[in-house]
Amino acid sequence: MLLYDPDIAIRFSAYGFQIPDPGDRAARVICDLLEPGSQTTEPDTASTECHLDGARQSVLLEPASAEDLARVHTPEYLDVILSDDPSPALHVVYELFDEQGRPNRYDPAAATLPLTDLVDRARRHVAGTIRAVAIALDPANAGRFCYFLGGGMHHGMAGEGRGFCPFNDIVAALRAARAADTAKRFWIIDTDAHRGDGTAALCLEDPDTATLSIHMASGWPLDGPFCEADGRLHRARIPSTLDIPVAEGCDAFYLPALEKGLHTLESVTHANWNGAGPDAAIVVAGCDPYKHDELPSARPLQLTLEQLGQRDRLVHRFLAQRSIPQAWIMAGGYGSRAHEPVTQFLRYAASNGLI
């Protein structure tokens, strides 16, 4: 199953943000899947849950409810970001001002949409991830698989957003599934270039969630201090169940490290869960490790398209061999070629009858 909503694209330039992401990655994926080699234009379709044949249509995603968000974020944070003026929260999320108060990659005069529009779209990304997990868990879904062309806001913390992530849709989705009593235990497998620090922090004291993050060994968010001023571990350093840092120039070790990490994750959780496995896995399939990614902070990882294909097939097969339902989300990926790893994997998924 493929979940796509063409109306949730976040085009940073529309808010005056100077971030190298045109917001058309999902649209490019759909165009490439429907018409290989065609020029990318915005597909003229409704929101679609489909097998690429138009047979199954859905309404456009509604924003995640305040109840869904409150399972993850503090009331104080939600009071600000859900207000008529979310700018104080979003200035932090997108680092719109430097330490001297000067605009950073930001020209508010160039904005054509209000910041409340961005919040609305981010909430719909949360809703998409919640729905993707529900689809993967649906007994009627024989493939036990769903790929949502959105989501992946893994830096969102309880009391603030950060790292371009206003919310944490990943944790919202697993907690929504628990509230619906459709699943209890989860694996989160995060392959974004940047460490999934928000997810790690939110799941630190959750005995029924195990998190794996394979990421750059240096750079943001690991370029800050180890400790806060009061001596507590810095929020970016709060450990995942399993962290796999990959040093710059060590791309050849990425795939063997990931494969070993998946087996380690299984061993650790079997020990902690009395031999049981997860009810579902959420795969945060970031494309920013790609060598052609245009976000400067992701440059320490330089994986080829072939390596990213091997990465995604490795994760899928590992989970499928264990009959673990899989919800995949896009996460990071910036620039004109960021759609290529997603298209590649979804062609593999289509050839295996998953979409």
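Which glutamate forms a salt bridge with arginine 322, and how far apart are the closest N and O atoms? Hold on to that for a second. What we have here is a predicted model, so keep that in mind as I go through it.

Okay, the answer. The partner of arginine 322 is glutamate 266, and the closest N and O atoms are 2.7 Å apart. Now look at where those two sit. Arginine 322 is in the loop between α9 (305-320) and β8 (326-329), while glutamate 266 belongs to helix α8 (residues 254-272), so this pair ties together parts that are 56 residues apart in sequence. As for burial, arginine 322 comes out at 28% relative accessibility, so it counts as partly exposed. Glutamate 266 is at 16%, and because buried means under 20%, that residue counts as buried.

That's one salt bridge out of the 17 in the structure. Let me show you a couple of others.

Take arginine 311 and aspartate 312. Their side chains meet in a salt bridge at 2.8 Å, N to O. Are these two buried or exposed? Arginine 311 is buried, with a relative accessible area of 1%, and aspartate 312 counts as buried too, at 5% relative accessibility. There's also a network: Asp7, Asp120 and Arg124 are joined into one by salt bridges that share partners.

Then there's arginine 71 with glutamate 67. In that salt bridge the closest N and O atoms are 3.5 Å apart. Glutamate 67 counts as exposed, at 55% relative accessibility. Arginine 71, at 25%, counts as partly exposed.

Right, on to the empty space, pockets before cavities. The largest pocket has a volume of about 760 Å³. Which elements give two or more residues to its lining? Those are α1 (25-34) and α5 (115-137). The largest share comes from α1, and that share is three residues. In total, 46 residues line this pocket, and the ones nearest its centre are Phe12, Asp21, Phe164, Ala331 and Tyr334. If you're thinking about chemistry, the lining splits into 23 nonpolar, 13 polar and 10 charged residues.

Now the closed spaces. How many cavities of 30 Å³ or more does the structure hold? Two.

The largest cavity holds about 50 Å³ of space. Its lining is made of Ile188, Asp190, Gly196, Thr199, Ala200, Thr211, Leu212, Ser213 and Ser240. Three elements each put in two or more of those residues, namely β4 (186-190), α7 (197-203) and β5 (209-216). The largest share, three residues, is from β5. By class, the lining has three nonpolar residues, five polar ones and one charged.

The second largest cavity has a volume of about 30 Å³. Around it you'll find Asp21, Pro22, Asp24, Arg25, Arg28, Gly333, Gly335, Ala338 and His339. Here the classes come out as two nonpolar, three polar and four charged. And if Asp21 rings a bell, that's because we've met it already: Asp21 lines this second largest cavity, and Asp21 is also among the residues nearest the centre of the largest pocket.

So if you open the model afterwards, two spots to pull up are the pair of arginine 322 and glutamate 266 and the surroundings of Asp21, in the linings of the largest pocket and the second largest cavity. That's it from me.

Conventions: Residues are numbered from 1 along each chain as its sequence is written. This is a predicted model: local features need pLDDT of at least 70, side-chain atom pairs count only at pLDDT 80 or more; totals for chains, interfaces and linings use all residues. Side-chain values use heavy atoms; hydrogens and water are left out. On a 1 Å grid over the protein atoms alone, a cavity is a set of points where a 1.4 Å probe fits but cannot get out, and a pocket is an open set with protein on both sides within 12 Å along at least five of seven lines; lining residues have an atom within 4 Å of a point. Grid points are joined across faces, edges and corners, and a volume is the space filled by probe spheres set on the points. Helices (H or I, at least four residues) and strands (E, at least two) are DSSP runs, numbered from the N terminus. Ala, Val, Leu, Ile, Met, Phe, Trp, Tyr, Cys and Pro count as nonpolar, Asp, Glu, Lys and Arg as charged, and the others, Gly among them, as polar. A salt bridge is a side-chain nitrogen of Lys or Arg within 4 Å of a carboxyl oxygen of Asp or Glu. Buried means under 20% relative accessible area, exposed over 50%, partly exposed in between (1.4 Å probe, protein chains only).
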